[in-house]
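Open the model in your viewer and keep the selection box handy. We will go from the whole chain to single residues and back again.

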Amino acid sequence: MSNSTAADRRANCRALHERRHFLFVMPNPWDVGSAKLLASLGFEALATTSAGFAWSLGKNDQSVSRNELAAHARDLAAATSLPL
């Protein structure tokens, strides 16, 4: 679980984009486990994956409901302190 606030994450994400050598990799976790694994490997931020999440539910891409997507984003955000 993360202890950072939404404001902390926004500031961290902004700092990643504003640094002089701004290249960074944002992998796309498809579930909480992959989010935690990617965070433990040293990534500085995470993105979300539409297809990866849908496939993890046994659905086609772009067939996930709004409620499923919102719950997924909430779960990923709670899994690490990284910007999402």
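The tour below goes stop by stop, with a selection to make at each one.

**Stop 1: the whole chain**

Please keep in mind that this is a predicted model. Start with everything shown as a cartoon and colour by secondary structure: you should find four helices and zero strands. Read from the N terminus, the order of elements is α-α-α-α. If you turn the C-alpha trace along its principal axes, its extents are about 40 × 25 × 20 Å.

Now switch on the surface. The accessible area of the chain is about 5700 Å², and carbon and sulfur atoms hold 56% of it. Of the 84 residues in the chain, 27% are buried. For a view of how the chain folds back on itself, consider the contacts with a separation of 6 or more: 50% of them join residues 24 or more positions apart.

**Stop 2: helix H1**

Select residues 6–18, which form helix H1, and pick out alanine 11 within them. Is alanine 11 buried or partly exposed? Its relative accessible area is 46%, so alanine 11 counts as partly exposed. Next, draw a distance from the C-alpha of alanine 11 to that of tryptophan 55: these two residues are 44 residues apart along the chain, and the atoms are separated by 32 Å.

**Stop 3: the nonpolar core**

Select Ala35, Leu38, Leu46, Leu76, Ala79 and Leu82 and show them as spheres; these six residues make up the largest nonpolar core. Helices H2 and H4 each contribute at least two residues to this core.

Stay with leucine 46, which sits in the loop between H2 and H3. Leucine 46 has a relative accessible area of 2%, so this loop residue is classed as buried. Which residues does leucine 46 contact, leaving aside its neighbours within four places in sequence? Show Met26, Pro27, Pro29, Ala35, Leu38, Thr80, Leu82, Pro83 and Leu84 to see them. One more distance to draw here runs from leucine 46 to cysteine 13: they are 33 residues apart along the chain, with their C-alpha atoms separated by 10.0 Å.

**Stop 4: phenylalanine 43**

Move to phenylalanine 43, in the loop that runs between helix H2 (32–40) and helix H3 (50–56). With a relative accessible area of 26%, phenylalanine 43 is partly exposed. Show Val25, Pro27, Leu38 and Leu82 as sticks; phenylalanine 43 touches these residues, not counting those up to four places away in sequence. From phenylalanine 43 to aspartate 75, 32 residues apart along the chain, the C-alpha separation is 18 Å.

**Stop 5: histidine 72**

Select residues 66–79, helix H4, and highlight histidine 72 within the helix. Histidine 72 is buried, at a relative accessible area of 6%. Which residues are around it? Beyond neighbours within four places in sequence, histidine 72 is in contact with Pro29, Trp30, Asp31 and Phe53.

**Stop 6: the charged side chains**

Side chains of opposite charge can pair when their charged atoms come close. How many salt bridges does the count come to here? The answer is one salt bridge. Select lysine 59 and glutamate 68 to view this pair, whose closest N and O atoms are 2.8 Å apart. Lysine 59 is partly exposed, with 29% relative accessibility, and glutamate 68 is partly exposed as well, with a relative accessible area of 26%.

Then colour the charges across the whole chain. There are 9 positive and 7 negative charges, and their mean positions lie 5 Å apart.

**Stop 7: glutamine 62**

For the last stop, select glutamine 62 in the loop between H3 and H4. What is the backbone phi of glutamine 62? It is positive, at about 70°, although glutamine 62 is not a glycine. Relative accessibility for glutamine 62 is 75%, so this residue counts as exposed.

To finish, show leucine 46 and glutamine 62 together: leucine 46 is a buried residue, whereas glutamine 62 is an exposed one.

Methods
Residues are numbered from 1 along each chain as its sequence is written. This is a predicted model: local features need pLDDT of at least 70, side-chain atom pairs count only at pLDDT 80 or more; totals for chains, interfaces and linings use all residues. Side-chain values use heavy atoms; hydrogens and water are left out. Buried means under 20% relative accessible area, exposed over 50%, partly exposed in between (1.4 Å probe, protein chains only). Contact means heavy atoms within 4.5 Å. A salt bridge is a side-chain nitrogen of Lys or Arg within 4 Å of a carboxyl oxygen of Asp or Glu. Accessible areas come from the Shrake-Rupley method with a 1.4 Å probe; for residues, only the protein chains shown count as cover. Lys and Arg count as positive and Asp and Glu as negative; His and the chain ends are not counted. The place of a charge is taken as NZ of Lys, CZ of Arg, CG of Asp or CD of Glu. A nonpolar core is a set of buried Ala, Val, Leu, Ile, Met, Phe, Trp, Tyr and Cys residues joined through side-chain atoms within 4.5 Å.
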